[in-house]
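Me: I would like a close look at one part of this protein, namely its nonpolar core. Please start from the overall fold and then work inward, residue by residue where that helps.

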Amino acid sequence: MGNTSVQARLKGWLIAVWRFVSSAPLTYGWLIVLLVTTIIQHLVARRELHFLLVHDSTNIRHLATAPLEVLFSSLLWIDGRYWTPYLVLFTSFLAPAEQWLGKKRWVTVGLTAHVGATYISEGLLYLAIPFHHASERLVNATDIGVSYFMVGVIAVLAYHVATPWRWGYLAILITSFTVPLFIHLNFTAIGHFSAIFIGLLFYPMARGRGGGR
């Protein structure tokens, strides 16, 4: 009888997990793609991996020659060699945001943050190079990953958090990406900071999806 109870409980958990995952198909479909590319990162030689990542980077040179290609392909890689933290972040933030906003709104917010933050950060870098505030080598910098998309969605999710907890959520979020601007100012830190406010600009869209929790 004890075994039956454990099996029933386990089955209930599996059903709950499946319902959660199936209610956010874009989030978990993307995670599967990132798992595959992360495995590739571990299998290929370091020089070949560097070539792959630079080829798909949203750096100044590629944004000038093949912007659509690299804006898409850069989303297929993670900035690092470990996939598990992305599983936690996607499950904690992106999946609830997709369930709340719906697929089209979720994609709209994320892609706008990704594209907008990329052009803001790389644009400022482009302006800084002639004044010798940044190295000319950064024209070909490695700039891949899902973080601008993710930060934009995390920011808009603030509107799904009930007050007064919303203000604490926003304070932690903004502080987390403001501190790096003072510790080590670079185009990535600027991009993350920009993505927050791009996500917050979608308040009219978020307001139409119901109150906070």
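Reply: Read along the sequence, this predicted model follows the pattern α-α-α-α-α-α-α-α-α-α-α, with eleven helices and zero strands. The C-alpha atoms fill a box of roughly 75 × 45 × 30 Å along the principal axes, and 40% of the 213 residues count as buried. Among contacts with a separation of 6 or more, 80% are made by residues 24 or more positions apart.

With that frame in place, the core itself can be described. The largest nonpolar core has 48 residues, and those with the most contacts inside it are Trp30, Phe90 and Leu94. At least two residues of this core come from each of helix 2 (25-43), helix 6 (84-101), helix 7 (103-128), helix 8 (147-156), helix 9 (165-183) and helix 10 (187-200). Helix 8 gives the most, with eight residues. As a general background, nonpolar side chains in soluble globular proteins tend to be buried together.

Phe90 is a useful place from which to look around. Apart from its neighbours within four places in sequence, Phe90 is in contact with Thr27, Trp30, Leu31 and Leu34, and also with Ala95, Pro96, Val146 and Met150. Trp30 therefore appears twice in this picture, as a contact of Phe90 and as one of the residues with the most contacts inside the core, where a contact means heavy atoms within 4.5 Å.

The aromatic rings add a further layer of detail. The structure holds eight aromatic pairs, and one of them, between Trp30 and Trp106, is edge-to-face, with 6.3 Å from centre to centre and 85° between the planes. This pair links distant parts of the chain, since Trp30 lies in helix 2 and Trp106 in helix 7, 76 residues apart. Both Trp30 and Trp106 are buried. Ring pairs also join Trp30 and Trp106 with Phe90 and Phe149 into a cluster, so that Phe90, already named for its contacts inside the core, belongs to this aromatic group as well, given that rings count as paired if their centres lie within 6.5 Å.

Turning from the interior to the outside, the accessible surface of the protein comes to about 12500 Å², and 69% of that area belongs to carbon and sulfur atoms. As for charge, the protein has 15 positive and 8 negative side chains, and the centres of these two sets lie 18 Å apart.

Terms used:
Residues numbered from 1 in each chain as written. Predicted model: local features only at pLDDT ≥ 70, side-chain atom pairs only at ≥ 80, totals over all residues. Heavy atoms only, no water. Core = buried A, V, L, I, M, F, W, Y, C linked by side-chain atoms within 4.5 Å. Buried < 20%, exposed > 50% of the residue type's maximum accessible area, 1.4 Å probe, protein only. Helix = DSSP H or I, 4+ residues; strand = E, 2+ residues; numbered from the N terminus. Areas by Shrake-Rupley, 256 points an atom, 1.4 Å probe, with all protein chains shown as cover. Lys, Arg positive; Asp, Glu negative; His and termini not counted. Charge placed at Lys NZ, Arg CZ, Asp CG, Glu CD. Phe/Tyr/Trp six-rings, centres within 6.5 Å; stacked < 30°, edge-to-face > 60°.
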